Amino acid sequence: MKSSENFIEAIRNYLDSRAESDNLFVIRYADPSKSLSECCQFILNEVKRQGVSAMTNDEVFSLATHYWDGDCTAEEIGKPINCKVVISKDQLTEEDKAELKELAMEQYKDEQLRELRRQSAPKIQPKPTATAPKAGAEINTIPNLFDEF
């Protein structure tokens, strides 16, 4: 299975915290016939069966709990799926905040630098073009004796 490590870690963290607070779940969570990778495989196949492309954290964790609570058949678990999984974070860590702040500062600096360059760039002046005499302009001229015809 090609699930992202973050996805597997999020499921593991949820199941571990659930096991700490629920004595009945600890017994099912210790079942040697079940595995975390098979649990993630079950979740991905269930998402595919439902035909959705996004789920809330609670829906995903509910599927993980269902896998450990129930007797899932091999058919329910399904075949491995090659896909990308994007997870959401409930709260940003201080490290995440610092990284995002640094990224925002870099983007702001780049934007300000582009604006300064744009403002200091020489303005392109339109080139003067020779204008052709308007039609009929020769009619309004005074004849000259020295002009050749």
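How are α3 and α4 oriented to each other? In this predicted model, α3 and α4 are oblique to each other, and the legends below show how that pair and its surroundings fit together.

**Figure 1. An overview of the protein, with six helices and zero strands.** Let us start with the whole chain before moving in. Read along the sequence, the pattern is α-α-α-α-α-α. The protein has 149 residues, and 21% of them are buried. Its accessible surface comes to about 12500 Å², and carbon and sulfur atoms contribute 54% of that area. Among contacts with a separation of 6 or more, 78% join residues 24 or more positions apart.

**Figure 2. The crossing of α3 and α4.** Two packed helices are described by the angle between their axes and the distance between the axes. Here helix α4 covers residues 57-69, and its axis comes within 9 Å of that of α3, with a crossing angle of roughly 125°. Angles from 65 to 115 degrees count as roughly perpendicular and those over 145 as roughly antiparallel, so the pair falls under oblique. The contact draws on L36, E38, C39, F42, I43 and E46 from α3, which meet V60, L63, A64, H66, Y67 and W68 from α4. As for handedness, α3 passes α4 in a right-handed crossing.

**Figure 3. The packing of α1 against α3.** Helix α1 spans residues 5-21, and it packs on α3 at an angle of about 110° with the axes 10 Å apart. This makes α1 roughly perpendicular to α3. On the α1 side the contact is made by F7, I8, I11, R12 and L15, while α3 brings L36, C39, C40, I43 and L44.

**Figure 4. A close-up of L36 in helix α3.** Take a look at L36, which sits in the helix formed by residues 36-50. With a relative accessible area of 15%, L36 counts as buried, because the cut-off for that class is under 20%. Leaving out residues up to four places away in sequence, L36 touches I8, I11, R12, L15 and W68. The C-alpha atoms of L36 and W68 are 9.4 Å apart in space, although 32 residues separate the two in sequence. L36 also appears in both helix contacts shown above, with α4 and with α1.

**Figure 5. The cysteines C39 and C40.** Which cysteine sulfur is nearest to that of C39? The count of disulfides comes to zero. C39 is in no disulfide, and its nearest cysteine sulfur is that of C40, 5.4 Å away. Seen from C40, the closest cysteine sulfur is in C39, too far for a bond, because a disulfide needs the two sulfur atoms within 2.5 Å. C39 is buried, with a relative accessible area of 0%, and C40 is buried with 0% as well. Both C39 and C40 take part in the contact with α1, and C39 is also listed in the contact with α4.

**Figure 6. A close-up of V85 in the loop between α5 and α6.** This last view moves to a loop residue. V85 lies between α5 (74-77) and α6 (94-120). Is V85 buried or exposed? V85 is buried, with a relative accessible area of 17%. Not counting neighbours within four places in sequence, V85 is in contact with S4, F7 and L44. V85 and N6 are 79 residues apart in sequence, yet their C-alpha atoms are 8.5 Å apart in space. Two of the partners of V85, F7 and L44, also belong to the contact of α1 with α3.

Notes. Residues numbered from 1 in each chain as written. Predicted model: local features only at pLDDT ≥ 70, side-chain atom pairs only at ≥ 80, totals over all residues. Heavy atoms only, no water. Helix = DSSP H or I, 4+ residues; strand = E, 2+ residues; numbered from the N terminus. Buried < 20%, exposed > 50% of the residue type's maximum accessible area, 1.4 Å probe, protein only. Contact = heavy atoms within 4.5 Å. Areas by Shrake-Rupley, 256 points an atom, 1.4 Å probe, with all protein chains shown as cover. Axes fitted to C-alpha atoms, helices over the stretch in contact; angles between N-to-C directions. Parallel < 35°, antiparallel > 145°, perpendicular 65-115°, else oblique. Left-handed = near helix turned anticlockwise from the far one by under 90°.
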